[in-house]
Amino acid sequence: GAGLPTRGRDELAELTASTNTMCVSLRSLVGEVGGSAREVASAATQIAASSEEVATGMGEQSAQVTQI
């Protein structure tokens, strides 16, 4: 959203401008963290799928060895 209105050049105006800048930076940071969290979740899903495939393959190999 829009930041706080900044009027004048006194200390309060400077503080308001700095607060607005900080809010913009925090919004950006939260967006980046959200994006990273989605990437980690996607990677975790891929790792889980790979682990499942490996477990299935190991089960099949174990069954074949047992038959021998």
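A residue is described as exposed when its relative accessible area is over 50%, as buried when this value is under 20%, and as partly exposed in between. Val40 has a relative accessibility of 57% and therefore counts as exposed. These values, like those that follow, were computed from a predicted model.

The main element considered here is helix 1, which covers residues 11-67 and so contains 57 residues. From its first C-alpha to its last, helix 1 reaches 83 Å, close to the 84 Å expected at 1.5 Å a residue. Val40 belongs to this helix. A separation of 15 Å, C-alpha to C-alpha, was computed between Val40 and Ser50, two residues that stand ten places apart in the sequence.

The buried residues of helix 1 are Ala13, Thr16, Asn20 and Gly35. Two of these, Thr16 and Asn20, are considered in turn. Thr16 is located in helix 1, and its relative accessibility of 14% falls under the 20% limit, so that Thr16 counts as buried. When residues up to four places away in sequence are not counted, Thr16 touches Leu4, Pro5 and Thr6. The side chain of Thr16 also has a polar atom at 2.8 Å from the backbone oxygen of Leu12.

Asn20, likewise a member of helix 1, has a relative accessible area of 17%; because this value is under 20%, Asn20 is classed as buried. Apart from neighbours within four places in sequence, the residues in contact with Asn20 are Gly3, Leu4 and Thr6. For Leu4, a polar approach was also found: its backbone oxygen lies 2.7 Å from a polar atom of the Asn20 side chain. Leu4 thus appears among the contacts of Thr16 and among those of Asn20, as does Thr6.

Leu4 also enters the description of Thr19, a further residue of helix 1. The C-alpha atoms of Thr19 and Leu4 are 8.2 Å apart in space, while the two residues are 15 residues apart in sequence. Thr19 has a relative accessible area of 25%, a value between the two limits, and is therefore partly exposed. The side chain of Thr19 reaches the backbone oxygen of Leu15 at a distance of 2.8 Å.

Asp10 is placed in the segment before helix 1. With a relative accessible area of 39%, Asp10 is partly exposed. Its side chain reaches the backbone nitrogen of Ala13 at 3.0 Å, and Ala13 is itself one of the buried residues of helix 1.

Arg27 is found in helix 1 and, at 47% relative accessibility, counts as partly exposed because this value does not pass the 50% limit. Along the chain, Arg27 and Gly1 are 26 residues apart; in space, their C-alpha atoms are separated by 9.8 Å.

A nonpolar patch was identified on the surface, formed by Met22, Leu26, Leu29 and Val33. Together, these residues have about 370 Å² of accessible area. One of them, Leu26, lies in helix 1 and is partly exposed, with a relative accessibility of 43%.

Technical notes. Residues are numbered from 1 along each chain as its sequence is written. This is a predicted model: local features need pLDDT of at least 70, side-chain atom pairs count only at pLDDT 80 or more; totals for chains, interfaces and linings use all residues. Side-chain values use heavy atoms; hydrogens and water are left out. Helices (H or I, at least four residues) and strands (E, at least two) are DSSP runs, numbered from the N terminus. The expected span of a helix is 1.5 Å times one less than its number of residues. Buried means under 20% relative accessible area, exposed over 50%, partly exposed in between (1.4 Å probe, protein chains only). A polar contact is a pair of N or O atoms within 3.5 Å; within protein, one must be able to donate a hydrogen and the other to accept it, and residues adjacent in sequence count only if both atoms are side-chain atoms. Contact means heavy atoms within 4.5 Å. Patches are made of residues with over 30% relative accessible area and no salt bridge: like charges are joined within 9 Å, nonpolar side chains (Val, Leu, Ile, Met, Phe, Trp, Tyr) within 5 Å. Accessible areas come from the Shrake-Rupley method with a 1.4 Å probe; for residues, only the protein chains shown count as cover. A salt bridge is a side-chain nitrogen of Lys or Arg within 4 Å of a carboxyl oxygen of Asp or Glu.
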